[in-house]
Structure formats: C-alpha cells, structure tokens
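This report moves from the overall architecture to the packing of the interior, and then to one residue and one helix in more detail.

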Amino acid sequence: MALQFLVGTIVSLANIMIHASVTVGAIGIARSAGLRRTIWPRAHLMAVMVATAAALMVAHTLEILVWALAYRVVGAAPVGSDLLYFAFVNYTTLGYGDITPVPDWRLVGPTTAMNGILLFGWSTAVLFEVLRRTLEHLGAINAKDFSSGDRG
C-alpha cells in the first residue's frame, strides 16, 4: 500500500508541475493579449478564452499520458488493457469500470481521480481569472461596444 501512495504522490506532483507550467504560460499569454487595444472586444475576449482553454486541455492530456505511462511502468492494469483509456476514465472520474486495476494497485484509480479533479478545479479557477481580468481590461480601455453590464 505504501508503494501505491508513493507512486501516486510522485505522478501527482509531476502533473501538478505540468499544470503549473501551462498555467503560468497561459496566464502570461492572456495577460499580454489582454493589454492590447482592440476594435473587436468580443472577438478578442473569445480568442483569449479559447486559447486559454485549449492550453489547459493540452495540459490535461499530457497529465493523462503521464498516468498512462505510470500504469505501464508499475503494471497497474491487466495485460493488454488500453492504458490511455484507463487513465482517461480514472482522471476524469468517469470510471466505467470495464478495466480495473490489478489487486496490488487498486488505489491507483482513486489517486488518479483525486489528481484529475484537483487539476480540473484549478483549470476552472484559471479560466475564471483570465475572463475576469480580460473583462476588466476591456472595461478600463472603454473598448468599442463594451458596456459596464458586460463586466459582470
């Protein structure tokens, strides 16, 4: 059981580092894009949000790949299992249950789910903050067709 917790902690920390890196990059890009003047504020807002969401989705996909690799290294799933699929259903907390971990690694699924739910929550916070700051900026520059009602 201690080995399961150790592996889960190591993989979770690796994923937290990936997420932190992508978050810093996404916020930097959103911040620089948000500082620009624009004649199409709504399109600008959409572009910033789409780019941020896309970057975060890439991060989640990389994190799922890290879990799939960990499953392979430790032999957490039955031989012949689709490890990427197994990692996806665990990470997203979907949990179909059609693939289950081998008995010695039964805590790997809940650990993966705990990591995924934490990082999805983090992504939600990042998206909200990017939205808030971009709306704030557009309001501050009195962007064309941008009313105070749009600022939330």
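The protein, described here from a predicted model, has four helices and zero strands, and from the N terminus on its elements run α-α-α-α.

**Overall form**

Along its principal axes the C-alpha trace of the protein spans about 60 × 25 × 20 Å. The radius of gyration is 19 Å, whereas a compact globule of 152 residues would have a value near 15 Å. Of the 152 residues, 38% count as buried, and the accessible surface comes to about 8,800 Å², with 70% of that area belonging to carbon and sulfur atoms. Among the contacts with a separation of 6 or more, residues 24 or more positions apart account for 72%.

**The nonpolar cores**

Which residues touch the most other members of the largest nonpolar core? In this core of 17 residues they are W67, Y71, A87 and V108. Helices α1, α2 (41-74), α3 (83-91) and α4 (108-140) each supply at least two residues of this core, and α2 gives the most, with five residues. A second, separate core has 11 residues, including A30, M49, L56 and I141.

A87, already named as a residue of the largest core, touches I64, W67, A68, Y71 and T112 when residues up to four places away in sequence are not counted.

**Helix α3 and its ends**

The buried residues of α3 are L83, F86, A87, V89, N90 and Y91, and what covers them includes α2 and α4. At the N-terminal end of α3, D82 acts as a cap, with a side-chain oxygen lying 3.3 Å from the backbone nitrogen of L84. Just after the helix, T93 takes a positive phi of about 65 degrees.

**Q4 and the segment it touches**

Q4 has its place in helix α1 (residues 2-34). Is the residue buried or exposed? Q4 counts as buried because its relative accessibility is 11%, and the cut-off for that class is under 20%. Leaving aside residues up to four places away in sequence, Q4 touches D104, W105, R106, L107 and V108; the last of these, V108, also belongs to the largest nonpolar core. The side chain of Q4 reaches the backbone oxygen of D104, and a polar atom of that side chain also lies 2.8 Å from the backbone nitrogen of L107. The C-alpha atoms of Q4 and W105 are separated by 6.3 Å, although the two residues are 101 residues apart along the chain.

The polar atom pairs described in this report are listed below.

| Side-chain partner | Backbone partner | Distance |
|---|---|---|
| Q4 side chain | D104 backbone oxygen | 3.0 Å |
| Q4 side chain, polar atom | L107 backbone nitrogen | 2.8 Å |
| D82 side-chain oxygen | L84 backbone nitrogen | 3.3 Å |

Notes:
Residues numbered from 1 in each chain as written. Predicted model: local features only at pLDDT ≥ 70, side-chain atom pairs only at ≥ 80, totals over all residues. Heavy atoms only, no water. Buried < 20%, exposed > 50% of the residue type's maximum accessible area, 1.4 Å probe, protein only. Polar contact = N/O pair within 3.5 Å; in protein donor to acceptor, adjacent residues only side chain to side chain. Contact = heavy atoms within 4.5 Å. Core = buried A, V, L, I, M, F, W, Y, C linked by side-chain atoms within 4.5 Å. Rg over C-alpha atoms; globule rule 2.2 N^0.38 Å. Areas by Shrake-Rupley, 256 points an atom, 1.4 Å probe, with all protein chains shown as cover.
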